[in-house]
Amino acid sequence: MATDHAGDNDSFVDSVMEKLHGGHDSSSEDEKKVKQSPVVKAKIYRLFGRERPLHKVLGGGKPADIFLWRDKKVTAGVLGFATVIWALFELLEYHLLTLVCHILIVALAVLFLWSNASTFINTAPPQIPEVVLHKDIVLGVASALRIEINRALEILRDIASGKDLKKFLVVIVGLWVVSILGNIWNFLTLFYIVFVLLHTVPVLYEKYEDKVDAFAEKAEAEIKKHYAVFDANVLSKIPRGPLKGKKLE
């Protein structure tokens, strides 16, 4: 009986040791597989190198909701109002001062007649709200405008100093394109086109984001390839900065 009991203990110990060795071998094999097949998540290319969602890039909040058509009624109302203003000035050839005066004449006449007629027809007079421009709003707008102007001046100064030839060429080409567009359309029409694009391009990009980013990645690779050739053949041969080691004779 003792011999059988010892034999059972030995077989039990052997089975436990076998399971432990088997589990260790399987875990070591799993570790080897993990080491041999590293999981590297490729970075997805996004237009202009952005890392945040498009809603955050546009500033978030209500403005981003309007640009991305989160509230279709508000966005449609904004575009409709801008279209009416453009049509008044461009198609009907209204002038800004004339339009403002006509609007004020109609508004004041309606409110004046309503206020005086309310006593005769037993109705409540119009409740005209008190409009006050707060100091904090004016200072906030002025501060934000000052920051943006200083940033633009700093960029222009950096470009004019001749430090970055690539940025200089990009700005020159951009200004040249804007000058051509300004020659085709007047300022109001150009502003209206940009306004409409701001309310249509972001939502279309958000809808077809993956396709646009894939196409932009290929286009950027081609542009970099051509720019490298242009830099090697032309830009690298242009002298930059003051010449050192030379004395005037």
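Rings of Phe, Tyr and Trp (for Trp, its six-membered ring) count as a pair if their centres lie within 6.5 Å, and a pair is called stacked with planes under 30 degrees apart, edge-to-face with planes over 60, and tilted for the rest. Keep that in mind for the opening stops.

Before you click, note that this is a predicted model, where local features need pLDDT of at least 70, side-chain atom pairs count only at pLDDT 80 or more, and totals for chains, interfaces and linings use all residues. Residues are numbered from 1 along each chain as its sequence is written, and side-chain values use heavy atoms, with hydrogens and water left out.

**Stop 1: the aromatic rings**

By the ring rule, the count comes to three aromatic pairs. Select Trp86 and Tyr192: this pair is stacked, 5.0 Å centre to centre with 10 degrees between the planes. Trp86 sits in helix α4 (residues 72–91) and Tyr192 in helix α8 (residues 187–198), so the pair ties together parts that are 106 residues apart in sequence. Helices here are DSSP runs (H or I, at least four residues), numbered from the N terminus. Are these two residues buried or exposed? Both Trp86 and Tyr192 are buried, where buried means under 20% relative accessible area, exposed means over 50%, and partly exposed is in between (1.4 Å probe, protein chains only).

Next, select Phe187 and Phe191. They form a stacked pair too, at 6.3 Å centre to centre and 25 degrees between the planes. Both lie in helix α8, four residues apart, which is about one turn of the helix. Colour by accessibility if you like: Phe187 is exposed at 67% relative accessible area, while Phe191 is partly exposed at 49%. Add Phe195 to the selection, and you have one aromatic cluster of Phe187, Phe191 and Phe195.

**Stop 2: a histidine after α8**

Stay with Phe195 and bring up His199, which is found in the loop between α8 and α9 (201–207). The side chain of His199 reaches the backbone oxygen of Phe195 at 2.8 Å. His199 is buried, with a relative accessible area of 3%.

**Stop 3: Asp213 and Tyr205**

Now go to Asp213, in helix α10. Which side chain does the side chain of Asp213 contact? That of Tyr205, in a polar contact of 2.7 Å. (A polar contact is a pair of N or O atoms within 3.5 Å; within protein, one must be able to donate a hydrogen and the other to accept it, and residues adjacent in sequence count only if both atoms are side-chain atoms.) Asp213 counts as buried, at 2% relative accessibility.

**Stop 4: salt bridges**

How many salt bridges does a search of the whole structure find? Seven, each being a side-chain nitrogen of Lys or Arg within 4 Å of a carboxyl oxygen of Asp or Glu. Here are some to select:

- Asp71 and Lys62: their side chains meet at 3.9 Å, N to O. Asp71 is partly exposed at 30% relative accessibility, and Lys62 is partly exposed at 47%.
- Arg151 and Glu148: the closest N and O atoms are 3.7 Å apart. The two residues are three apart in helix α6 (residues 135–160), about one helical turn. Arg151 is partly exposed at 47% relative accessibility, as is Glu148 at 44%.
- Glu220 and Lys224: here the closest N and O atoms are 3.2 Å apart. They lie four residues apart in helix α10 (residues 209–233), again about one helical turn. Glu220 is partly exposed at 26% relative accessible area, whereas Lys224 counts as exposed at 52%.

**Stop 5: a pocket beside Lys224**

Keep Lys224 selected and add Lys166, Leu169, Val170, Ile223 and Tyr227: together these residues line the second largest pocket. On a 1 Å grid over the protein atoms alone, a pocket is an open set of points where a 1.4 Å probe fits, with protein on both sides within 12 Å along at least five of seven lines; lining residues have an atom within 4 Å of a point. About 190 Å³ of space lies in this pocket, the volume being the space filled by probe spheres set on the points, which are joined across faces, edges and corners. Helices α7 (165–184) and α10 each supply at least two residues of the lining. By class, the lining has four nonpolar, no polar and two charged residues; Ala, Val, Leu, Ile, Met, Phe, Trp, Tyr, Cys and Pro count as nonpolar, Asp, Glu, Lys and Arg as charged, and the others, Gly among them, as polar.

**Last stop: Phe168**

Finish on helix α7 with Phe168. Phe168 counts as partly exposed, at 36% relative accessibility. Draw a distance from Phe168 to Asp158: they are 10 residues apart in sequence and 9.2 Å apart in space, C-alpha to C-alpha.
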